[in-house]
Amino acid sequence: MNKKTNKMVKMALLLAMALVINYLESLVPLPIPMPGVRLGLANCLGLVVLCLYSEKDYVIFNVLKVVLVALLRTGFGSSFFIGLSGTLLATIFTLLTYKFSKASIYGLSVVGAVFHALGQVLMVMLLYSNVYMINYLVVLEVTSVISGLLTAFVASVTLLKLPKKMVENSRS
Amino acid sequence: MELKHNKYDFIIYGVCLVLIVCLLVISNVVTSKAKGDILYAIVTIEGKQKFKLDMNEDRELVLSPEEYPSLLGEMIIEIKDKKVRVKKEESPLHYCSMQSWVDSVAVPIVCLPNEVIITIKGEQIPENDWEM
């Protein structure tokens, strides 16, 4: 299998895993009964993609994840735009942090989680012209820091378990 | 990419903490400006304000998916003793019915799977603002 095909297959597998985790997560209610509060474990696969492949692949992975979730489950209604705005803001700020700082996977994950929540709530405020959504944002930001750390932990354990050769070959 | 915490992470955590404190302050300012008599519950469906319900009048509003296609099932909104709640709805996790009674203008009831938001207003709203 040539290198390009190898990478495409691995990216497709990671994307499929992210979709399954996203679906399973939607079935499990969290102890905080609040819209938007979730673990976001599927994001750990995005961090794996950023670590193994390029920044461009990370953007493609995240955008495809949102589009496929909409296509398979939620549809292209307001939830799609809310998810997309969160993902785009999270991706942009994660990449900026990745480029301009030496933050570890933990720092990057927290930045992603915090801006994901911010992007989502800003879109809800825009769509529904409701300024009081800012009250949700405070709680969402606190929970997103915790979920960001958890996601980073899962991603780092995953990356440490991968064969060293695979990690080195992916970026070359 | 490093897989263990370093000093740059702690700078990020500090910035996040500042952001959360700022949001808390903004939230308090917005909430304090919203005080006043509770008059109406505004029901927004699919991004459009559809109902203005008098909070002084106990009643139930039944919304059907035939009328509003964004609803995943029948939704019942109840107003009692100047409080509002979603009594019944269909959604994956039932967050908006779990939220129960709300009597603050600063706390909206959000049901995104059904594209329904209920907010309480504390001041008179001009009739021509409505798309009923």
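**Notebook: helices, domains and cysteines**

I looked first at how helix 1 of chain A passes helix 2 of chain A, and noted a left-handed crossing, the near helix being turned anticlockwise from the far one by less than a right angle. Their axes, lines fitted to C-alpha atoms over the stretch in contact with angles running from 0 to 180 degrees between N-to-C directions, come within 8 Å and cross at roughly 160°. This makes helix 1 of chain A roughly antiparallel to helix 2 of chain A, a term for angles over 145 degrees.

I note that this is a predicted model, in which local features need pLDDT of at least 70 and side-chain atom pairs count only at pLDDT 80 or more, while totals for chains, interfaces and linings use all residues. Residues are numbered from 1 along each chain, chains are lettered from A in the order in which they are written, and side-chain values use heavy atoms.

I then turned to helix 5 of chain A (helices being DSSP runs of H or I, at least four residues), and found that 20 of its 24 residues are buried, that is, under 20% relative accessible area with a 1.4 Å probe and protein chains only. Just after helix 5 of chain A, I saw that Ser129(A) takes a positive phi of about 45°.

For chain B, I looked up the domain assignment, automatic or from a database, and it gives domain 1 (1-33) and domain 2 (40-125). I found their C-alpha centres 32 Å apart.

Last, I searched for disulfides, pairs of cysteine sulfur atoms within 2.5 Å, and counted zero over all chains. For Cys22(B), the nearest cysteine sulfur, that of Cys16(B), is 12 Å away.

Notes. Buried means under 20% relative accessible area, exposed over 50%, partly exposed in between (1.4 Å probe, protein chains only). Helices (H or I, at least four residues) and strands (E, at least two) are DSSP runs, numbered from the N terminus. Angles under 35 degrees count as roughly parallel, over 145 as roughly antiparallel, 65 to 115 as roughly perpendicular and the rest as oblique.
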